[in-house]
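Colleague: I'm new to reading models like this one, and I'd love a close look at a single part. Please pick one and walk me through it slowly, with each term explained as it comes up.

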Amino acid sequence: YDKYVLGLPLHRIVRGLAADGLDVSEGTLTGAMSAVWGCLQPLVAAIAEHNSAAGHLHADETSWQVFADTPGKTGHRWWLWVFLAADSVLFVMDPTRSAAVLESHLGVSREDGKLPEGRHLVLSTDFYTAYQSLARMDGVHPLWCWAHIRRYFLRAADGDEQLRYWADVWIRRIADLYLAHRAMAAAALGTAEYTSASQKFEQALQVMDTARKEEAQIYSLRPAARKVLATLDHEWDGLAAHRAFPDIALDNNAAERALRTPVVGRKNFYGSQADWAAHLAAGVWTITATAERNHREPLKYLTDYLQACAAAAGTAPEGHDLDRFLPRKPH
């Protein structure tokens with residue numbers, strides 16, 4: 001908990017324990033964490049299975065250093081993926097940033113490249129190619145991130161005074177979309193408030209749709225602005241698809257926030273020294289973030305689970321004993 005949730009490096013944890021009267025080496029703590037990983041794996045696997053059945057997922061990824069040689073891989077840059085559902089959070093540590101990670105988690109068939117029959121998934125992400133690949137599958141409904149588009153407009157105007165006013169106009173248009181979307185989410189379906197908000201949402205979309213097409217025809221448009229508009233044009237369908245899902249956020253900020261705890265750890269202890277340690281990190285984040293998602297105190301949740309392992313002679317609980325640590329049902 002100290003290392004992976006609070007982000008403390010191991011040498012600092014050792015100092016803290018010594019101050020409390022327990023002299024223990026870093027090697028001893030490392031051995032203990034390696035041993036306990038075996039107890040945590042069944043719970044992580046059960047959360048992963050539960051998460052993969054969700055009807056809506058936020059997904060994102062960030063880099064992670066694993067300072068161990070990986071067969072067939074040059075360098076030590078791995079990737080930490082996160083899949084955020086209504087009642088579960090799964091972190092996956094993988095040497096690659098490929099779509100294979102997504103396909104493996106969601107059970108995509110290797111033969112025909114499809115989701116399991118009858119499966120439908122609403123996927124909130126940024127525009128990375130792995131998500132684009134998944135979005136082309138039958139049964140997947142992509143919702144691209146408006147916060148990313150907003151950042152592109154801000155970056156285009158960064159240091160370019162001639163684009164400052166142009167970008168500000170686009171930022172206000174996106175703000176109008178957010179305001180209308182929040183009003184839709186707050187109103188009951190079928191009410192006058194919902195109808196009004198829905199009309200304002202469609203109007204905001206229409207204003208941007210018209211502006212992006214007209215501005216793309218301006219011969220003198222600066223390259224930075226043209227590049228942003230090209231991205232907006234390419235991703236428009238996935239951005240506009242939010243109109244059908246008023247209860248889902250317009251952006252992927254939830255997944256980015258979920259990665260904040262690992263990023264704090266990355267700054268403090270730079271990565272993992274072995275592949276098992278990398279998977280342990282992802283496992284602990286999976287367990288503790290899922291606990292928080294279900295309004296349970298992560299430390300108590302983790303402690304209760306490990307006490308159940310101790311009561312089972314150092315093995316993971318099974319059946320009903322394991323089920324009580326899981327979210328109740330997929331959403």
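Modeller: Happy to! Let me start with the whole protein: among its contacts between residues at least 6 apart in sequence, 64% join residues at least 24 apart, where a contact means heavy atoms within 4.5 Å. This is a predicted model, in which local features need pLDDT of at least 70 and side-chain atom pairs count only at pLDDT 80 or more, while totals for chains, interfaces and linings use all residues. Residues are numbered from 1 along each chain as its sequence is written, and side-chain values use heavy atoms, with hydrogens and water left out.

The protein has 14 helices and 5 strands; these are DSSP runs numbered from the N terminus, with at least four residues (H or I) for a helix and at least two (E) for a strand. Its C-alpha atoms fill a box of roughly 70 × 45 × 45 Å along the principal axes. Of the 331 residues, 48% are buried, meaning under 20% relative accessible area with a 1.4 Å probe, protein chains only (exposed is over 50%, partly exposed in between).

Now for the part I picked, the sheet. Its 5 strands form an open sheet in the order S3-S2-S1-S4-S5, with mixed pairing; two strands pair if DSSP finds at least two bridges between them. Which strands are at the edges? They are S3 (89-94) and S5 (140-144), each pairing on one side only. From one strand to the next, the twist averages 25 degrees; such angles run from 0 to 180 degrees between N-to-C directions, and axes are lines fitted to C-alpha atoms, for helices over the stretch in contact.

Take the S3 side of the sheet. Strand S2 (residues 77-84) and S3 run antiparallel and are joined by 6 bridges. You can find Phe83 opposite Leu90 in S3.

Two helices pack on the sheet, so to speak, as neighbours to look for. Helix H3 (residues 99-106) touches strand S1 (56-65), S2, S3 and strand S4 (121-125), and its direction makes about 40 degrees with that of S2. Helix H12 (residues 275-293) touches S1, S2 and S3, and its direction makes about 170 degrees with that of S3.

H12 deserves a moment too. Its 19 residues reach 27 Å from the first C-alpha to the last, close to the 27 Å expected at 1.5 Å a residue; the expected span is 1.5 Å times one less than the number of residues. H12 is mostly covered, with 14 of its 19 residues buried. His295, which follows H12, has a positive phi near 60 degrees.

Let's finish with two residues of strand S4. Is Leu121 buried or exposed? Leu121, found in S4, counts as buried because its relative accessibility is 0%. Leaving aside neighbours within four places in sequence, Leu121 is in contact with several residues, among them Ala54, Leu57, Leu106, Leu134 and Val140. Gly7 lies 114 residues from Leu121 in sequence and 33 Å away in space, C-alpha to C-alpha.

Thr125 is found in S4 as well, and Thr125 is buried, with a relative accessible area of 0%. Not counting residues up to four places away in sequence, Thr125 touches Ala59, Tyr131, Leu143, Trp144, Cys145 and Asn252.
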